[in-house]
Amino acid sequence: MTVGYFSPLPPARSGVADYSAELLRALTPLGSVRVNARDAAAGIDVPLYHLGNNRLHGEIYGHALKTPGVAVLHDAVLHHFFLGGENEREYLAEFVYNYGHWSEDLARELWRRRSRSAADPEYFRYPMIKRVAERSRAVIVHNPRAAALVHEHVRGVTVHEIPHLFALPADLPSRSDVIRWRAGLGIASHTFLVGVFGHLRESKRLLALLRAFHRVRRAADIVLLVAGDFVSSDLARAAEPMLANVAGIVRIGYLNERDFWLCASAVDACINLRYPMAGETSGIAIRLMGLGKAVLVSAGEETSRFPEAACVRVDPGHAEEDMLAEYLMWLARCPDDARAIGQRAAEHIREHHAPARVAGLYWRALTDCYHRGKS
């Protein structure tokens with residue numbers, strides 16, 4: 001069996017690209033894999049398509065429709081993918097294909113006010129995944145919510161829920177590297193350092209986090225690291241007064257892999273919230289948990305596979321900011337509790353998300369697809 005492997009790969013600035021590179025390394029010993037072949041059909045038995053919610057995946061999405069294979073939905077809401085690449089006529093046609101002719105007026109309204117789509121929950125209620133789920137021979141997802149969304153759009157489709165892969169880099173920064181990095185920023189060893197990482201967009205709840213942090217900062221020895229580029233200029237403008245020249249906040253832009261692991265190793269906890277949620281499993285959350293860090297996540301089906309004692313769940317909605325402030329205060333004042341949560345997180349991630357285990361589950365799903373195609 002020859003697997004066709006279609007995905008963005010580094011140096012693309014994409015979490016899917018980083019994930020795909022690690023998975024590719026784990027899959028290669030299991031059998032024949034051809035990477036990003038020009039023709040998705042030539043000499044390939046089962047194509048594997050990695051799909052995400054941005055235009056990096058445009059050509060791959062086209063291959064997935066033309067030559068059906070196994071689709072990996074890293075985002076189970078592809079609505080913004082279509083908003084970013086289609087003209088109005090094509091967008092309306094895709095929306096109607098998913099939700100019926102009755103929905104055309106709604107689609108026109110959503111297209112008209114698409115500038116709000118990054119933060120408006122209504123856009124997340126319409127994943128627009130029917131076509132690719134229908135065409136695929138099987139679909140791979142990383143959490144129960146994503147699986148449910150696929151089944152809601154296409155009954156009877158084969159769905160495999162496979163944990164998001166976690167792999168430590170070969171050159172993980174040393175303890176002395178971490179101490180020097182913190183000292184260079186004036187962060188004492190006893191100061192509780194909490195970080196938020198990745199592309200900064202409205203759904204990551206940065207403004208709520210900043211408001212909660214300013215409340216906690218007055219009563220605890222805590223520093224916030226905000227690392228990543230803003231995706232939204234509106235969010236950047238709104239956050240600027242709470243970020244610029246503010247004591248206790250360290251602002252860093254995009255991190256390459258080496259610097260990401262250094263910063264991730266240096267923090268004591270990570271904030272990784274999502275609302276509206278889009279059926280995705282955060283690679284950043286998996287990485288930080290695998291490193292043994294306490295991670296604060298939004299409560300939902302997307303995070304339901306994590307053991308209760310291995311993370312800190314924050315309820316989306318009106319209570320979010322107060323819960324954030326209370327949890328940050330607790331962790332900053334009780335760092336031993338944070339370390340215990342991180343230790344349980346690392347145990348869970350290294351058992352269930354290890355590269356060899358995840359690659360084996362992928363290969364089993366691909367083999368099942370291959371044999372069903374032969375029967």
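Mentor: Helices here are DSSP runs of H or I with at least four residues, and strands are runs of E with at least two, both numbered from the N terminus. This is a predicted model, where local features need pLDDT of at least 70, side-chain atom pairs count only at pLDDT 80 or more, and totals for chains, interfaces and linings use all residues. Residues are numbered from 1 along each chain as its sequence is written, and side-chain values use heavy atoms, without hydrogens and water.

Trainee: Which helix gives the most to the lining of the second largest pocket?

Mentor: A pocket is an open set of points on a 1 Å grid over the protein atoms alone where a 1.4 Å probe fits, with protein on both sides within 12 Å along at least five of seven lines; lining residues have an atom within 4 Å of a point. Here helix 9 gives the most, five residues. Helix 12 and helix 15 each supply at least two. Of the 22 lining residues, those nearest the centre include Arg 175 and Asp 268.

Trainee: Why is helix 1 called largely enclosed?

Mentor: Buried means under 20% relative accessible area, exposed over 50%, partly exposed in between (1.4 Å probe, protein chains only). In helix 1, 10 of the 13 residues are buried, so the rest of the structure largely encloses it. Among them are Tyr 19 and Leu 23.

Trainee: How many aromatic pairs are there?

Mentor: Rings of Phe, Tyr and Trp (its six-membered ring) pair if their centres lie within 6.5 Å; planes under 30 degrees apart are stacked, over 60 edge-to-face, the rest tilted. The structure holds 12. Phe 197 and Phe 260 sit edge-to-face, 5.5 Å centre to centre with 75 degrees between the planes. Phe 197 is in strand 7 and Phe 260 in helix 12, so the pair ties together parts 63 residues apart in sequence.
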